[in-house]
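The exercises below are meant to be worked with the sequence and the coordinates open side by side. Each begins with a task and is followed by a solution that proceeds in steps.

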Amino acid sequence: MTRDNVIFDLIAKEQQRQEEGIELIASENFTSLQVMEAMGSVLTNKYAEGLPKKRYYGGCQVVDEIEQLAIDRAKELFAANWANVQPHSGAQANAAVMLAILNPGDSILGFDLSHGGHLTHGSPVNFSGKTYKPHFYGVEKETGIIDMDKVEATAKEVMPKLIICGASAYSRDWDYARFREIADEVGATLLADISHPAGLIARGLLNDPLDHCHIVTTTTHKTLRGPRGGLILTREEMPNPKGDTTPKGEVRSLNAQLDMAVFPGTQGGPLEHVIAAKAVAFQEALSDEYMDYVYQVKKNATAMAKAFVERGYDIISGGTDNHCMLIDLRSKGLTGKLAENTLVKADITINKNMVPFDDKSPFVTSGMRVGTAAVTSRNMKEADMEQIVAFIDAVLTDPENEANLAKVKGEINAWMKNFPLY
Ligand code: PLP
C-alpha cells in the first residue's frame, strides 16, 4: 500500500499547530505518548461485542485481560464498585444511562445549556431533549452560582425521573449531597456528569459525586488526560429504577441494566484500542506525578482567573474552584466570536461560549471559556498564566491591528519553545 502522505502531512501540520500555540480550550488536553501508542495498536483490529469473559466473538482472551484491567483501574481511581469502560464518548455514556433508567417522554432536569450545561442534558437539538421531556435549572444573574433552593422548587414542580448535575462551563464545585436530598424527595435517579473536572475529582481536589449520586458519567479525555472516550461508574448497588426484569423474572440490577444499555442498547463492538489507552491513562492518573499535575491545574486556574480580574475582565461567579472559567466579554465591548477568531490568529485557542442570560446567539455569544488542563500538561506554572493573560489582553485590546496580531503570534511561538510537547 502506498503511504498516504496527504493525511500524514496534515497530521504533522496539526502537531506543529499544537506545539506552537497556547491551548486554552477547557475540554482539551495532551495525552502521553503511551496513551497514543495503545490507541494506534493492533487492538483496533479486534471485534469484542459483549463484556470480558462474556463475548459474542472468539479470540477475545487478550482483550478480555485488557478491558478487565481498564475496569479495575477505573474502579480504583474513583473508588467505585462498578465501571463500564466501553462508551465511545461522553455523549454515548449519557445516552446509555438515559436508555437504562428512563422511558421515552419521562421528565429530566438538567443544567441549562446557555448557563454552562451540556447538549446531552436535555437540549432540544439532542437525543436527550427529543426523547425525554427536558426541564432546566440555571445560575443566578447576580452571583453566577446555582441556587439550590430553586433547584429544589423546580424539581418539586416537574417531578423528574432523572436529575443531572455537571456542566461544560461551570467553574464552581457541586453540592452533590443537596442534589441527592432533592432527588430522594422527588423519587429521581441522580446522575453526575463529571466530564470536565473528572481528574480533579479522582484525586480528591473537589467534592466526590460517588458519595451521593447513583450514577456518574465522564469523558476520559479532558482533565483525565486519556484518549477520547466515555466511562460510567457506580458505587451504590441498587435495582434498576424502571423495574425491568431478567428472563428469570428478577429485577435487574442497575449495573447490569447499564451494561446492557451500552451494548447492545446504544453501541456495537467496543473500541478495545481506546479501552487499552483508557487503562493506561487510569494507571497514569493513579500516580504521584498526576497528583502534582491536577494540583497544578487548579493552582494555574486560580492564578489565571486572578490575572483576568486584575485586567478588568468579568469572570462569571468571580473566580474558579476547578480548571476552567467563563469570561463575560460584554464589559470589554467584545463578542465571543470576535475573541475566538482574533485570538486564533495569534495562535491562542479558546472557544466562544454563551454566558448566563446572554443576549447574543450561540454563533456569536458574549463570552469565552478557558481552562488550564492543556497548558499545565505543557508544564506551565502560575507565572506563565499571567503571561498568557497578558498575551490575550494584548490581542483583545487591539483586535483589528493585524501587525500587532502578527507580533504577538511571533512572541507566542518563540515562548512556546520553552514548553516542549512530545
Ligand atoms: N458531558 C459534558 C459535561 C461535556 O462537557 C461533554 C463534552 O464536552 C460531553 C458530555 C460529551 O463528550 P463527548 O464529546 O466525548 O461526546
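**Exercise 1.** Is Asn 379 buried, exposed or partly exposed, judged by the other C-beta atoms within 10 Å?

*Solution.* The model is a predicted one. Begin with the count, which for Asn 379 gives 13 other C-beta atoms within 10 Å. A residue is called buried at 20 or more such atoms and exposed at 12 or fewer, with partly exposed in between. Asn 379 is therefore partly exposed. As to its setting, Asn 379 lies in the loop that links helix H13 (373–377) to helix H14 (382–396). For a sense of distance, Arg 180 is 199 residues away from Asn 379 in sequence, and their C-alpha atoms are 37 Å apart in space.

**Exercise 2.** Determine whether the radius of gyration of the protein chain agrees with that of a compact globule, and describe the fold in overall terms.

*Solution.* The first step is the expectation: for 422 residues, a compact globule would have a radius of gyration near 22 Å. The second is the value for the protein chain, which is 22 Å and so agrees with the expectation. The C-alpha trace spans about 75 × 60 × 35 Å along its principal axes, and 50% of the 422 residues count as buried. The chain contains 15 helices and 15 strands. Among contacts with a separation of 6 or more, 72% are between residues 24 or more positions apart.

**Exercise 3.** Identify the residues with the most contacts inside the largest nonpolar core, and find the helix that gives the most to this core.

*Solution.* The largest nonpolar core has 123 residues, and those with the most contacts inside it are Ala 74, Val 97 and Ile 163. The greatest contribution to this core comes from helix H11 (residues 288–310), with 10 residues. Taking Val 97 as an example, and leaving aside residues up to four places away in sequence, one finds that it touches Leu 191, Ile 215, Thr 217, Ile 232 and Leu 258.

**Exercise 4.** Work out how strands E5, E7 and E8 pair, and how many residues of strand E8 are buried.

*Solution.* Strand E5 (residues 107–111) pairs with E7 in the parallel sense over 2 bridges, and Ile 108 has Leu 162 in E7 as its bridge partner. Strand E7 (residues 162–165) is in turn joined to E8 by 4 bridges, and these two strands also run parallel. Here Leu 162 stands opposite Thr 189, while Ile 164 stands opposite Leu 191.

Next, consider the side chains. In E7, Leu 162 and Ile 164 point one way and Ile 163 and Cys 165 the other, and all are buried. In E8, Thr 189, Leu 191 and Asp 193 point one way, whereas Leu 190 and Ala 192 point the other way, and again all are buried. Because 5 of the 5 residues of strand E8 (residues 189–193) are buried, this strand is largely enclosed by the rest of the structure.

**Exercise 5.** Establish which strands stand at the edges of the open sheet that contains E12 and E15, and examine the backbone of two loops beside its strands.

*Solution.* The sheet is formed by 4 strands in the order E11-E12-E15-E14, with antiparallel pairing. Its edges are strand E11 (314–315) and strand E14 (351–353), each of which has a single partner strand, so one side of each is left without a neighbour in the sheet. E11 pairs with strand E12 (residues 324–328) over 2 bridges, and Ile 315 stands opposite Ile 327.

Now turn to the loops. Ser 317, in the loop between E11 and E12, has phi near 70°, a positive value in a residue other than glycine; with 20 other C-beta atoms within 10 Å, it is buried. Thr 365, in the loop between E14 and strand E15 (367–371), likewise has a positive phi, of about 65°, although it is not a glycine. Thr 365 is also buried, with 24 other C-beta atoms within 10 Å.

**Exercise 6.** Describe the make-up of the shell around the ligand, and locate a cis peptide bond in the chain.

*Solution.* The ligand is surrounded by 14 residues, of which the closest are Ser 89, Gly 90, Ala 91, Ser 168 and Ser 195. Sorted by type, the shell comprises 2 nonpolar, 11 polar and 1 charged. As for the backbone, a cis peptide bond joins Phe 263 and Pro 264, with omega about 10°; Pro 264 is found in helix H9 (residues 254–266).

Conventions:
Residues are numbered from 1 along each chain as its sequence is written. This is a predicted model: local features need pLDDT of at least 70, side-chain atom pairs count only at pLDDT 80 or more; totals for chains, interfaces and linings use all residues. The radius of gyration is taken over C-alpha atoms; the globule rule is 2.2 Å times the number of residues to the power 0.38. Two residues are in contact if their C-beta atoms, placed from the backbone, lie within 7 Å. A residue is near a molecule or strand if its C-beta atom, placed from the backbone, lies within 6 Å of it. Ala, Val, Leu, Ile, Met, Phe, Trp, Tyr, Cys and Pro count as nonpolar, Asp, Glu, Lys and Arg as charged, and the others, Gly among them, as polar. A nonpolar core is a set of buried Ala, Val, Leu, Ile, Met, Phe, Trp, Tyr and Cys residues joined through C-beta atoms within 7 Å. Two strands pair if DSSP finds at least two bridges between them.
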